[in-house]
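Here is my note on the model you sent round, set out as numbered points. Please read it with the structure open beside you.

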Amino acid sequence: MTSVTRLRAEYRTDQPWVGTSRPRVSWVVETRDPAWRQTAAELRLSDGRTAVVEGDENAFVPWPFADLVPRERVALTVRVRDAAGEWSPRSQPLEIRQGMLGGGEWSGRFIGLDEPAFPAQPFTAVGRIEIDRPVAEAILYWSAQGAVIARIDGIPVDDSVLSPGWTSAQLVHETTDVTAMLGIGAHVIALEVTGAWHTEEYGFADGAHRVYGEQPFAAAQLHLRFADGGEDVIGTDASWHAAPVGPVVASGIYAGDVVDARRALEWTPATGEDWPAARIADDQPVPCARTVEPVRRAESLSVREVITTPSGRTVLDFGQNLVGRLRLRVAGPAGTTIVVRHAEVLEHGELCTRPLRRAAATDTFVLSGDGEDDLEPVGTFHGFRFAEVEGWPGDLDPSAIEAVVLQSDMRRTGRFHTSHPLVQRLHENVLWSMRGNFLALPTDCPQRDERLGWTGDVQVFAPTAATLYDCDGFLARWLEDLRHEQERSDGIVPTIVPNVFGAGWAAAGWGDAATVVPSVLAERFADRTVLAASLDSMRQWVDAERAASGGSLWESSMQFGDWLDPAAPSDMAGAARTAPGIVATAYRIRSLDLLAAAAADGGHEDLSRRAHVEAEEVRSAFAAAYLTAGGRLVSDAATAYALALRFDIVRDAEMRTALASRLAHVVARDAFHISTGFLGTPLVLDALTDHGFDAEAAALLLQTRAPSWLYPVTMGATTVWERWDSMLPDGTVNPGEMTSFNHYSLGAVVDWLYRRCAGIAPEAPGYRHIRFAPLALPGVADARAEIDTVSGRVVGGWVRDGADVRWSLTVPAHARATVVLAGREPIEVGPGEHEWTTTPVEAPTPPPASLWGPLADVAADPRSYDVVMSVLEEHDPGLADNVRRRTDWTLRTPLGAALFAVPGDVVGAIAAGLDELRSATTAP
């Protein structure tokens, strides 16, 4: 049976409103027929209009009907035709509602407090209406320069949080159907407003200042259509009243909220009639309709443990580093004050707030004394696992407190499973970091005085993000802000978007978000519209790179480089082993290649040709300056080799083999500890496995000592850290001024887990063609992934079964797949479930090393390396770190000779440990 499912209009699936007059339509076909192929689709509206679209497209199909008009409401069904001319049954109807206002329709005035007492003062504005006849439809549009909760008669009109969010290109308005809330009689429309991002002070230390405004403002308008055919529009204006009333006394994204339950409002038709008149704001922007999901409460977590710290303080552990806030249910005498401080980690048993810098991350709650209060901040969010509670009346009941998780409400699409517990936890950590940092915009971190849209972070993470969640619309909207900020910066893409720092410069790997992110969205979601919309932005960025470089090599401007290379000192995050010129020039080539491809896709052949020619010129210059005849780079570092290979900078097959071999050597030289920063980390495993160095990739992935992906997992991390050693092995926090425990950048490795480990990679946009080339990694028993793509659900993976490996792949109806299994010729398969079994030939496990055996033997055997490092760490962690960092673990030099500076008794303990390991290994 063939069925049409997952019907949607534009990006959103959470509700029917669309923010365009011509929403693109997508669907997925489910069928058991392996030969099925779509040849046409018929779209039908509830008013009888029908359109047939020839071809096999199912993602972002252009709207074939007349433009939707404001507040228009239709139901859409789709059926598809197969190659035999048979039509499928119709899909379930999809409701589509036009959420945009017409040109000139926005009439609500932005209003605020007439005489605020202090900057960023929260307020409530009210307007009263009288409904004298039955309402057929009531649509409320509302927005804020700040964050707003819209209420009718005290009841929130929707479940969004911190609406309308943070944008720079154009302010967003929400659209909500409130028909059911407006019966005949008197009603009060209220806007509860906090400053949120609009009034926050951005910048570092003494340079922090307000960028957008000192006070928040909000606006709304209600469109009424009555049962008798009459219509009315009621909007915020000078007749509304506004006062600093309501439970929120003070609010800040970084500071936290002060909530006084004694100030809770009583909602009656007369509420606010004696308040001062609202002030009309000087600035009156015209907002645009929301096109992507808002921030919502995703789930809540209970207290896992109540901790009494060495100083006697009470700290709650929620067991998961998260982004959100606490909800308290508590009764106590009126005026009782509860103070909650938030942090991600404990240090020496106490709440560690140093990494927050000037972000207080503190919420204060004042009890009403009138029974149980239900308290939750409204204008802030925190990144935390631990919360210190002070002032709780009586014995603290942990069941009365829960952590509310906030995130932009995107649909989860990617799932990965392996029985390897550390790798599985790594995947979950990356997932949680994305959830917390995809909140209104893609941020770097959610806890300190930053929480900004750093372009480099999202550039490296975009492929992983596009696998884990349906973030196409989320990132497409953020790209609108990027293009806006780029225009303000004469073609330069700022390092953060929205740009609250003002001035910017061309930073490689950061500004390249302009070319990389839209290309990722086109590849993963088949969203060619966002690629076309970004084409001029891409061109402007490569022009800016050319101007900044002053020639082919880009060595003449300040760069972040391979940011947070683990070898960099804690106070010099940019001091990487790979020269910044290599990184910057490599990214020039990458962006030129992406521009050439995007221009060709859009039919701009001349632009494509120019970009291609320039890319070849820069390639030649890169090779002449940085590549030796023997296949080494002048920066003999993993990131340099990974860039040259993965960005296809070096194309000669023999030279690529030499570079890949040297990369494998460099990785082994560091005893399979990670040696890359933000820009090299997403590339290094691919660069190895592309050239057959699977064992080296596995050793790098599975390393558990710092620096490595799994070291934080062994330290109890539940999100990805900003630094490889944000927490040191002794439990102290990295001394660097910049340390976050929720920072998704280094988690970009997860895309490799899906594409190479489980084997599901897009060979054509939207996974219309899949490349299934999984790797049964040494040390891993199984891997399985599923991705809900625009072509349907793809499931693939493998499991060891004795000496055999069983491989499986499910191809959706809209896709085909090329299957590449080791030792077999590639084959093509169509939709359906497929299985294969092979018996791979794997390298034997190396024998344990000895004290006078080569260093290379120690690094090649994780058991031997573990013995050496464990003994050293037990004696002196600092000495252990020095031995690890200063030793070339590829040498044939005996281990004992390399330990010349280690005390003799420690060397003896290492020798005994290795002897014991060999005995245990060879024992019958």
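1. Over the ring of which residue does the charged end of Arg-79 sit? It is Trp-87, and the charged end of Arg-79 lies 4.4 Å from the centre of that ring. An arrangement of this kind also involves Arg-435, which lies over the face of Trp-432 at 4.4 Å from the ring centre. Please keep in mind for this and every later point that the model is predicted.

2. On the overall dimensions, a compact globule of 924 residues would have a radius of gyration near 29 Å, and the protein has 29 Å, so the two agree. The C-alpha trace spans about 95 × 75 × 60 Å along the principal axes of the protein. The secondary structure comprises 19 helices and 45 strands.

3. On burial and contacts, 60% of the 924 residues are buried, and the protein exposes about 33,900 Å², of which carbon and sulfur atoms supply 51%. Among contacts with a separation of 6 or more, 73% are between residues 24 or more positions apart.

4. On the aromatic rings, a search of the whole structure finds 29 aromatic pairs. In one of them, the rings of Trp-510 and Phe-560 have their centres 4.6 Å apart and their planes at 35 degrees, and the pair is therefore tilted, since planes count as stacked under 30 degrees and as edge-to-face over 60. This pair links distant parts of the chain, with Trp-510 in the loop between α4 (472-488) and α5 (513-525) and Phe-560 in the loop between α6 (528-549) and α7 (580-601), 50 residues apart. Both partners are covered: Trp-510 counts as buried at 2% relative accessibility, and Phe-560 is buried with a relative accessible area of 13%.

5. A second pair worth inspecting is that of Trp-798 and Trp-807, whose ring centres are 6.4 Å apart and whose planes stand at 50 degrees, so this pair is tilted as well. I would note that the cut-off for pairing is 6.5 Å between ring centres. Trp-798 is buried, with a relative accessible area of 3%, and Trp-807 counts as buried at 5% relative accessibility.

6. Which residues do ring pairs link into a cluster? The members are Phe-204, Trp-454, Phe-501, Trp-505, Trp-510, Phe-560 and Trp-563, so that the pair of Trp-510 and Phe-560 discussed above belongs to this cluster.

7. Helix α8 (residues 605-626) can be checked against its expected length: at 1.5 Å a residue its 22 residues should span 32 Å, and the end C-alpha atoms are 31 Å apart, which agrees. Its buried residues are Leu-607, Ser-608, Ala-611, Glu-614, Ala-615, Val-618, Arg-619, Ala-621, Phe-622 and Tyr-626. An α-helix has 3.6 residues a turn, so residues three or four places apart point the same way. The cover over the buried residues of α8 includes α6, α7 and α9 (638-646).

8. Is Glu-10 buried or exposed? At 14% relative accessibility it counts as buried, the cut-off being under 20%. Glu-10 is placed in the loop between β1 (3-9) and β2 (17-18), and, leaving aside its neighbours within four places in sequence, it is in contact with Thr-20, Arg-22, Pro-23, Arg-24 and Phe-60. The C-alpha atoms of Glu-10 and Ala-599 are separated by 23 Å, and these two residues are 589 residues apart along the chain.

9. Two peptide bonds deserve a look for their geometry. The bond from Val-497 to Pro-498 is cis, with omega near 0 degrees, and Pro-498 is in the loop between α4 and α5. The bond from Ala-706 to Pro-707 is also cis, with omega near -5 degrees, and Pro-707 is found in the loop between α12 (694-702) and α13 (711-714).

10. Two alanines have backbone angles to review. Ala-196, although not a glycine, has a positive phi of about 45 degrees; it is in helix α1 (residues 196-199) and counts as buried at 2% relative accessibility. Ala-361, again not a glycine, has a positive phi of about 50 degrees; it is placed in the loop between β30 (350-351) and β31 (362-366) and is buried, with a relative accessible area of 3%.

How values were computed. Residues numbered from 1 in each chain as written. Predicted model: local features only at pLDDT ≥ 70, side-chain atom pairs only at ≥ 80, totals over all residues. Heavy atoms only, no water. Phe/Tyr/Trp six-rings, centres within 6.5 Å; stacked < 30°, edge-to-face > 60°. Helix = DSSP H or I, 4+ residues; strand = E, 2+ residues; numbered from the N terminus. Buried < 20%, exposed > 50% of the residue type's maximum accessible area, 1.4 Å probe, protein only. Lys NZ or Arg CZ within 6 Å of the ring centre and 35° of its normal. Contact = heavy atoms within 4.5 Å. Expected span 1.5 Å × (residues − 1). Rg over C-alpha atoms; globule rule 2.2 N^0.38 Å. Areas by Shrake-Rupley, 256 points an atom, 1.4 Å probe, with all protein chains shown as cover.
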